[in-house]
Amino acid sequence: MSKLIYILNGPNLNLLGKRQPEIYGYDTLEDVERNCAAVAAERGFEVALYQSNFEGGIVELIHKAREEACAIVINPGAYTHTSVAILDALNAFDGLVFECHISNVHKRESFRHHSYVSMRADGVMAGFGVQGYELCVQRACSVLAE
Ligand code: DQA
């Protein structure tokens with residue numbers, strides 16, 4: 001079995017640490033990758049973090065995950081609330097899927113309350129800041145070790 005966990009990020013998350021820090025904090029995607037890699041390594045797993053501002057880019061990364069990854073942790077950004085294409089791609093992935101939102105989307109505007117990705121996700125994290133990514137990786141490792 002693959003020991004690689006994909007951490008996929010959607011639009012605007014390349015600006016993490018600079019964009020609306022009052023909502024998303026000051027940590028960057030590089031910090032997320034480093035912290036998740038440490039959590040995974042302690043449990044004998046590896047992570048690969050990717051980001052795309054394009055819906056099709058995320059779909060293609062999910063296709064790549066089909067060949068390489070045992071789990072996907074995904075923060076689809078705004079595509080969470082709109083993208084049937086990302087849901088369809090995740091439905092074609094056989095491994096674990098965890099959906100991760102830095103902010104608590106349920107406390108925000110009503111258009112953020114619905115998630116297409118949640119229809120596929122094995123677990124959902126929202127409002128734990130960037131620590132949510134690490135918690136998703138930790139959970140993926142635990143489930144895969146069972
Ligand atoms: C987000 C929440 C989304 O509603 C928003 O569009 C994002 C980030 C989060 O991590 O809290 O870009 O997914």
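Welcome to this predicted model. A good place to start is Asn12, which is partly exposed, with a relative accessible area of 37%. From that residue we can walk along the loop between strand S1 (4-9) and helix H1 (21-24), where Asn12 has its place, and then move on to helix H2, to Ser115 and to the ligand.

**The loop between S1 and H1**

- Asn12 is not a glycine, and yet its phi is positive, at about 75°. That is worth a second look, because most residues other than glycine have a negative phi.
- Leu13 also belongs to the loop between S1 and H1. Is Leu13 buried or exposed? Its relative accessibility is 2%, so Leu13 counts as buried.
- Measuring along the chain, Leu13 and Ile23 are 10 residues apart, and their C-alpha atoms are separated by 12 Å.
- Asn14 is another residue of the loop between S1 and H1. With 40% relative accessibility, Asn14 counts as partly exposed.
- Between Asn14 and Glu30 there are 9.5 Å from C-alpha to C-alpha, while the two residues stand 16 residues apart along the chain.
- Gln20 can be found in the loop between S1 and H1 as well. Its relative accessibility of 36% means that Gln20 counts as partly exposed.
- Gln20 has a positive phi of about 35°, although Gln20 is not a glycine.

**Asp31 in helix H2**

- Helix H2 covers residues 29-42, and Asp31 is found there.
- Asp31 has a relative accessibility of 17% and therefore counts as buried, the cut-off being under 20%.
- Which backbone atom does the side chain of Asp31 reach? The partner is the backbone nitrogen of Thr28, at 2.9 Å.

**Ser115 and its contacts**

- Look for Ser115 in the loop between strand S4 (96-101) and strand S5 (123-126).
- Ser115 counts as buried, because its relative accessibility is 12%.
- The side chain of Ser115 is joined to the side chain of Glu99 by a polar contact of 2.8 Å.
- That side chain of Ser115 also reaches the backbone nitrogen of Val117, at 3.2 Å.

**The ligand and its surroundings**

- Where does the ligand sit? The space it takes is the largest pocket.
- Around the ligand you will find Arg19, Tyr24, Asn75, Gly77, Ala78, His81, His101, Ile102, Ser103, Val105 and Arg112.
- This shell divides into four nonpolar, five polar and two charged residues.
- Asn75 brings an N or O atom of its side chain to 2.8 Å from an oxygen atom of the ligand.
- Ile102 takes part through its backbone: one of its backbone N or O atoms lies 2.8 Å from an oxygen atom of the ligand.
- Arg112 has a polar side-chain atom that lies 2.8 Å from an oxygen atom of the ligand.
- How much of the ligand's accessible area does the protein cover? On its own, the ligand has 320 Å² of accessible area, and the protein covers 98% of it.

Conventions: Residues numbered from 1 in each chain as written. Predicted model: local features only at pLDDT ≥ 70, side-chain atom pairs only at ≥ 80, totals over all residues. Heavy atoms only, no water. Near = heavy atom within 4 Å. Polar contact = N/O pair within 3.5 Å; in protein donor to acceptor, adjacent residues only side chain to side chain. Areas by Shrake-Rupley, 256 points an atom, 1.4 Å probe, with all protein chains shown as cover. 1 Å grid on protein atoms, 1.4 Å probe; cavity = no way out; pocket = protein on both sides within 12 Å on 5 of 7 lines; lining within 4 Å. Sits in = over half its atoms within 2 Å of the grid points. Nonpolar A, V, L, I, M, F, W, Y, C, P; charged D, E, K, R; others polar. Helix = DSSP H or I, 4+ residues; strand = E, 2+ residues; numbered from the N terminus. Buried < 20%, exposed > 50% of the residue type's maximum accessible area, 1.4 Å probe, protein only.
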